[in-house]
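Let's take a walk through this structure together, one region at a time. Please keep the 3D view open as you read.

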Amino acid sequence: MTAPADLLLTNAEVHTLARPDETHDAVAVRDGRITRVGDAYELDFLAGVDTRIVDCDGRVVLPGFIDAHTHFELLGRKLVHVDLSGAESRGAALDRLRDRADAVPAGDPVVGYGYDETEWGESDYLTRADLDAVDAAGPVVAVREDLHVASLDSTAVERFVDDLSEAGVRREGGEPTGVVVEGATEGVLDALAPGPEEATAAIRAAQRYANERGVTGVHDMVRRSYAPRVYRDLDAADELTLRVRLNYWADHLDALVETGLRTNHGDGRVRVGAIKTFTDGSLGGRTAKLSEPYADAPDERGEWTVPPAEFRDLLDSAAGAGFQVAAHAIGDEAVGDVVDAFATRPSTDARHRVEHAELASDAAIDRMAEADIVASIQPNFHRWAGEDGLYAARIGDRRTETNRLGRLADAGVHLAFGSDGMPLDPLVGVHHAVNAPTADQRLGVTEALRAYTLGSAYAGFDEDRLGTVEPGKYADLVVLDGSPWERPGEIREIDVTLTVVDGEVVYDGSDP
């Protein structure tokens, strides 16, 4: 006799997102696993006295979204400090910082995250002079959305600049402008890093935010943080409401090797992921490494944050110790170099990852496909791909060569979607993938959703247990109040109504 289900989602439009995608009416779950997918009438017989039955009223059920590239603690810090994303002007961003300054004890840092000057129709970052106008008793810091640029007021300059990488401190007439980039930004973020209690509060806030958007798993880029401990403590207390792969920064490698950890080690909802490293910077900061000059800075072609020889040494060390490697590369020169390094050091099922790959050339894309390299892409970056967007300002006509999702898919490259926290919202990313400016940049709805589910699962060696709605897989599911197939131009307007992890409802949009 078949045991009754613990959870039954019925009267639904269930998309498995397997290959091929199949649609069904209902999903039955027991002991955290999907047991049956099929006709609602047949699965109704699996309802028992204790079964939680959810009538989806025709809504769409998908595998839970897996964000393959995010900075989870920083998302939480944004939620509990100052969220500058969405500020409509420079003045509006400063007003948010002033409100925070009024709310914190005098002398405490005032920190905002997520500003984007291009959203204001401007090209200049926030400066020391701008932030001095906040008139706070303590240091004021505003971190740009890409995390490659930070802005400091005079108090923050005095407190932090002497300890920062000089190459990353922007100066005029010998004096710091308040703008710092790349390694200097990392130094500021490290100086502002939260202690255990604040890190716990940040991660709790971030996971609530993520579950509300249908996220059931994250690949978190962690560095010098209490986050790994917080995740494990929450998991042990049965309070972790998503799955986490810890992609550790390269400066953790020796410690990880010493403790015997490798990619895929772990149990419960927390596992070791890749070793993460930079190679170049960002287009927003004009530090992505390009083969041709920037359109708005003809003397600049970006910079190596980790030079090619150093990257190859790291790759050899990490891969030799049993780690997947995730390499940040944005400019075409950086992407090409990383792909060459991965391709000339083949190993069995390494699943090495190029993070971002924004300006990948045709040659790099084809080589990624041949070498089974994962492209960890942020489709939401297409918000900058329009004629008046950031990409046009930075690289001119080459804007149409950015984030060529369709070209990557047609070549057979493994696509894994993430957000980089800009914003963390899979349906926003899927919307941009489906509605990108050119055919080479676009994906169909099914492929875009698959890249945020099965594709991200594959990037995390999890395709046998996650990423599709099939019997035997973990019951990580999301219910949407509209169909992306029926509303392709409005996907980002669709709401999540239910999120399920391990068969447990972790977000219910019907709750008051």
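Where is the place of Glu182? Glu182 sits in the loop that leads from strand 14 (175-181) to helix 6 (183-191). Keep in mind as we go that this is a predicted model. The backbone at Glu182 deserves a look, since its phi is positive, about 50 degrees, although the residue is not a glycine. Most residues other than glycine have a negative phi, and most peptide bonds are trans. Glu182 also counts as buried, because its relative accessibility is 7% and the cut-off for buried is under 20%.

Strand 14 takes us to a sheet. Six strands form this open sheet, and their order is 9-10-11-12-14-13, with mixed pairing. At its edges are strand 9 (82-83) and strand 13 (169-172), each of which pairs on one side only. Strands of a sheet pair through backbone hydrogen bonds, either parallel or antiparallel. Strand 9 and strand 10 (residues 110-115) run parallel and are joined by two bridges. If you look along this pair, you will find Asp83 opposite Tyr113 of strand 10.

Now turn to the helices beside these strands. Helix 2 (residues 72-80) packs on the sheet, where it touches strand 9 and strand 10. The direction of helix 2 makes about 115 degrees with that of strand 10. Helix 3 (residues 90-103) lies across strand 9, strand 10 and strand 11 (140-144). Its angle to strand 10 is about 155 degrees.

From strand 11, follow the chain into the loop between strand 11 and strand 12, where you will meet Leu147. Leu147 is another residue other than glycine with a positive phi, here near 65 degrees.

This neighbourhood also brings us to charged side chains. Side chains of opposite charge can pair when their charged atoms come close. Asp146 and Arg144 form a salt bridge, with their closest N and O atoms 3.0 Å apart, and both residues are buried. Glu145 has a salt bridge too, with Arg383, and there the closest N and O atoms are 3.1 Å apart. Why does this pair tie together parts that are 238 residues apart in sequence? Arg383 lies in the loop between strand 21 (374-377) and helix 13 (390-395), while Glu145 lies in the loop between strand 11 and strand 12 (149-152), so the salt bridge spans that separation. Glu145 is buried, with a relative accessible area of 7%, whereas Arg383 is partly exposed at 26%.

These residues belong to a network of salt bridges that links Asp116, Glu117, Glu119, Arg144, Glu145, Asp146, Arg286, Asp296, Arg383 and Arg394. For the model, the count of salt bridges comes to 42. One of them joins the side chains of Arg30 and Asp6, at 3.7 Å from N to O. Arg30 is in strand 4 (residues 26-30) and Asp6 is in the segment before strand 1 (7-10), so this pair ties together parts that are 24 residues apart in sequence. Arg30 counts as partly exposed, at 29% relative accessibility, and Asp6 counts as partly exposed, at 35%.

Next, two prolines invite a look at the backbone. The peptide bond from Arg19 to Pro20 is cis, with omega near 0 degrees, and Pro20 is found in the loop between strand 2 (13-15) and strand 3 (23-24). Met422 and Pro423 are also joined by a cis peptide bond, with omega about -10 degrees. Pro423 lies in the loop between strand 22 (414-417) and helix 15 (426-434).

Let's finish inside the nonpolar cores. The largest nonpolar core has 78 residues, and those that touch the most other members are Phe72, Tyr231, Phe311, Phe342, Val354 and Phe417. Helix 11 (residues 332-343) gives the most to this core, with six residues. Domain 1 (1-58 + 469-511) and domain 3 (274-443) both contribute residues, so the core lies between them. Around Phe72, leaving aside neighbours within four places in sequence, the contacts are Ile203, Ala206, Gln207, Ala210, Val218, Asp220, Tyr231, Leu242 and Leu424. Apart from the largest core lies another, of 21 residues, including Leu84, Ala87, Leu94 and Trp120.

Technical notes: Residues numbered from 1 in each chain as written. Predicted model: local features only at pLDDT ≥ 70, side-chain atom pairs only at ≥ 80, totals over all residues. Heavy atoms only, no water. Pairing = 2+ DSSP bridges. Helix = DSSP H or I, 4+ residues; strand = E, 2+ residues; numbered from the N terminus. Contact = heavy atoms within 4.5 Å. Axes fitted to C-alpha atoms, helices over the stretch in contact; angles between N-to-C directions. Salt bridge = Lys/Arg side-chain N within 4 Å of Asp/Glu carboxyl O. Buried < 20%, exposed > 50% of the residue type's maximum accessible area, 1.4 Å probe, protein only. Core = buried A, V, L, I, M, F, W, Y, C linked by side-chain atoms within 4.5 Å. Domains from an automatic or database assignment.
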